[in-house]
Amino acid sequence: MQIINVSQLRVLHSADLHLGRTFQSWGPAGANRHQDILETLEQIGTIARQNRVHLLLLAGDQFDKHNPDPALVNRFQQWLGALGQDGIRVVMISGNHDSYWYEDSVYRQRFPENTTLFQETTCTEPVEIYASGLNVMLYGIAHDHTRQRDVLPGFRRRAEGDVHIGLMHATVDPRADIDVAERYLPLSSANLASTGLDYIALGHLHRARTINPGRPGMAAYPGSPEPLHIRETGPRSVTLITFRGGPPELTTIPCGQRRAERFQIDTTSLTDEEIITRIEQLADDHLILTAELTGAPQEIPDTDALQARAAHHFCYLQVRDATSVVDSGYVRRIENERTIRGEFVRQLRDRIATAETHQEREIAELALQLGLIQLERRSAQ
Ligand SMILES: [Mn+2]
């Protein structure tokens, strides 16, 4: 007989907030990004309350470094405490950025009553808590970049308890051609399945992904809730996990203040002025935009100038030149000139045409592009 009216346990999972991250390479555009991350922290609290979750799991890299600014830690502490007043228990582990290992690690401080923090580097005994009428067994370890061996046995499901949840800051199913250092805890989907846990809350990889769906050892990366890099494209989210007796149900809840996207702009036959217009059509101050210029434009695009002129329309703008100078209107215009640059173009086009390998051709194309930029600058002086 199917059991009805089973207690429903609702859990929210986030990771990789990187509070305190500085965006120095972004110049002035990076100055207020830390504020966006703080707003996303508040947003995660709001999502937890709206969904009346019992538990909030934070799977590491809550902070960008192990010894963040005390004012920031204080704010995080208050955020935790306020969740506790609303009956929400927070369970967290450290990550590689905010490692527990250091003597001045933020995680060696006291945290509010409602917070469960894993402080051992092996999981000898799960932490048992009572939530929504269920015995919840929690498995986790503190991040320690000096000792990450044989962590899996500690995560093996114990006999007692109703719901079994693990937390890991790990690299699950790394690409075969990448050698992942031990401190990033490389593991496979099969390793996670072998634990037999109902759900494993993962952190470390910043792109959302579900592993072993509907099976024991089911796990997910919620991804960074706020994009931390121009390459962290696409929507950002946190994961709501609902336990009703069967395999847990996962729901993705959107969050974040800004969004990173990469768009290609075909610049064929366009001038820099026209390229600016195309970029401006995408204007949105919530957008962290990589504008990749493709095709064969009228002139060699001055990416620095384009970026400087259009940046104020976006949260952050990066213009990348992936145009083909070989076929550009500019090269066609000057290739028959009886000038140094005309001669340069003819010689390089010849090399490109007779290149024997892909690499040789790419080098000649790059030489043509860089050489023309230099010759242009000289003639402008
Ligand atoms: Mn991270």
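How many bridges join β1 to strand β2, and do the two run parallel or antiparallel? The count is 4 bridges, and β1 and β2 (residues 55-59) run parallel. Strands pair if DSSP finds at least two bridges between them.

This is a predicted model, in which local features need pLDDT of at least 70, side-chain atom pairs count only at pLDDT 80 or more, and totals for chains, interfaces and linings use all residues. Residues are numbered from 1 along each chain as its sequence is written. Helices (H or I, at least four residues) and strands (E, at least two) are DSSP runs, numbered from the N terminus.

**Strand β1**

β1 spans residues 9-14. The strand is mostly covered, with 5 of its 6 residues buried. Buried takes 20 or more other C-beta atoms within 10 Å of a residue's own, exposed 12 or fewer, and partly exposed lies in between; C-beta atoms are placed from the backbone. β1 is joined to two strands, β13 and β2.

| Partner of β1 | Bridges | Direction | Residue pair |
|---|---|---|---|
| β13 (residues 236-243) | 5 bridges | antiparallel | L12 with L240 |
| β2 (residues 55-59) | 4 bridges | parallel | V11 with L55 |

Helix α1 (residues 33-50) completes a right-handed β-α-β unit with β1 and β2. Right-handed means that, with the strands pointing away from the viewer, the path from the first strand over the helix to the second runs clockwise.

**Residue H313**

H313 sits in the loop between α5 (303-310) and β17 (314-321). H313 is partly exposed because 16 other C-beta atoms lie within 10 Å. Leaving aside neighbours within four places in sequence, H313 is in contact (C-beta atoms, placed from the backbone, within 7 Å) with E280 and A283. D285 is 28 residues from H313 along the chain, yet their C-alpha atoms are separated by 5.9 Å.

Terms used. Two residues are in contact if their C-beta atoms, placed from the backbone, lie within 7 Å.
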